[in-house]
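Colleague: Before I plan anything at the bench, could we go through this model together, one question at a time?

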Amino acid sequence: MTERFHTNLSRVPHVGGLREDDGWINMRVQFLIDKATAGSDDFLLGWTELPPGARHDRHLHRNADEFFVVLKGSGRIYTDLGTEPAGEGDVIWTPRGRFHGFHNTGDEEVVLVWGWSGCGSLEDSGYEVDDVEPG
């Protein structure tokens with residue numbers, strides 16, 4: 001790992017190759033701190049923008065706990081038990097191996113800051129998309 005890492009949101013490219021059939025529906029995702037840029041093996045910090053209607057389908061990470069904070073907008077979060085509302089200021093933590101996701105059901109863009117504890121890359125996270133549509 002590097003001694004110190006500093007970047008700016010404006011300099012971080014959007015993650016390419018995120019496919020709809022893997023649950024990434026019309027999202028703009030940036031990895032701000034990760035294994036590739038900062039040498040972080042056990043933490044990843046991300047930024048996601050979801051225009052109205054965009055969603056991250058129900059999925060899990062076998063190797064990472066995840067948190068996210070809704071900075072702007074509102075929608076519904078997916079959980080193991082179904083869906084529930086989430087809006088600006090909400091903080092959600094999901095332990096590894098549990099299903100979660102987010103759907104922007106509102107009329108304005110949603111902005112999330114989020115992170116994984118336990119890995120520093122999507123490949124290492126143990127990402128699996130659920131093949132069952134949420135209720």
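**Cavity, pocket, cores and rings**

Modeller: Gladly, and please keep in mind that this is a predicted model. A search of the whole structure finds 1 cavity of 30 Å³ or more.

Colleague: How much space lies in the largest cavity?

Modeller: The lining of this cavity is made by 16 residues, and those nearest its centre are M27, H56, E66, L112 and W114. Strand 3 (43–50), strand 4 (55–61), strand 5 (65–72), strand 9 (100–103) and strand 10 (110–117) each bring at least two residues to that lining. The space in the largest cavity comes to about 150 Å³.

Colleague: How many residues in the lining of the largest cavity are charged?

Modeller: Sorted by class, the lining of the largest cavity has 9 nonpolar and 6 polar residues. The charged class is also present there, and its count is 1.

Colleague: Turning to the largest pocket, which residues lie closest to its centre?

Modeller: The largest pocket has a volume of about 170 Å³. Its lining divides into 7 nonpolar, 3 polar and 5 charged residues. Of the 15 residues that line the largest pocket, the closest to its centre are V15, L18, F31, L122 and E123.

Colleague: Which element gives the most to the largest nonpolar core?

Modeller: In soluble globular proteins, nonpolar side chains tend to be buried together. Here the largest nonpolar core has 21 residues, and L50, F68, F102, L112, W114 and W116 are those with the most contacts inside it. Two or more residues of this core come from each of strand 2 (28–33), strand 3, strand 5 and strand 10. The element that gives the most, with 4 residues, is strand 10.

Colleague: How many residues does the other core, the one with L32 and W47, have?

Modeller: That core lies apart from the largest one, and V111 and V113 are also among its members. Its residue count is 6.

Colleague: Among the aromatic pairs, what is the distance, centre to centre, between W24 and Y127?

Modeller: The structure holds 5 aromatic pairs, and the one formed by W24 and Y127 is stacked, with 20° between the planes. This pair links distant parts of the chain, as W24 is in strand 1 (residues 24–25) and Y127 is in strand 11 (residues 127–129), 103 residues apart. From centre to centre, the two rings are separated by 5.4 Å.

Colleague: Is Y127 buried or exposed?

Modeller: The cut-off for a buried residue is under 20% relative accessible area. W24, its ring partner, is buried at 6%. Y127 has a relative accessible area of 19%, so Y127 also counts as buried.

Colleague: What angle lies between the planes of F31 and W114?

Modeller: F31 and W114 form an edge-to-face pair, 6.0 Å centre to centre, and it joins strand 2 to strand 10 across 83 residues. Both residues are buried, and ring pairs link F31 and W114 with W116 into a cluster. The angle between the planes of F31 and W114 is 80°.

Colleague: Where is N26, the residue with a positive phi, placed?

Modeller: Phi of N26 is near 60°, a positive value in a residue other than glycine. N26 has 47% relative accessibility, which means that this residue counts as partly exposed. Its place is in the loop between strand 1 and strand 2.

Definitions and conventions. Residues numbered from 1 in each chain as written. Predicted model: local features only at pLDDT ≥ 70, side-chain atom pairs only at ≥ 80, totals over all residues. Heavy atoms only, no water. 1 Å grid on protein atoms, 1.4 Å probe; cavity = no way out; pocket = protein on both sides within 12 Å on 5 of 7 lines; lining within 4 Å. Points joined across faces, edges and corners; volume = space filled by probe spheres on them. Nonpolar A, V, L, I, M, F, W, Y, C, P; charged D, E, K, R; others polar. Core = buried A, V, L, I, M, F, W, Y, C linked by side-chain atoms within 4.5 Å. Buried < 20%, exposed > 50% of the residue type's maximum accessible area, 1.4 Å probe, protein only. Phe/Tyr/Trp six-rings, centres within 6.5 Å; stacked < 30°, edge-to-face > 60°.
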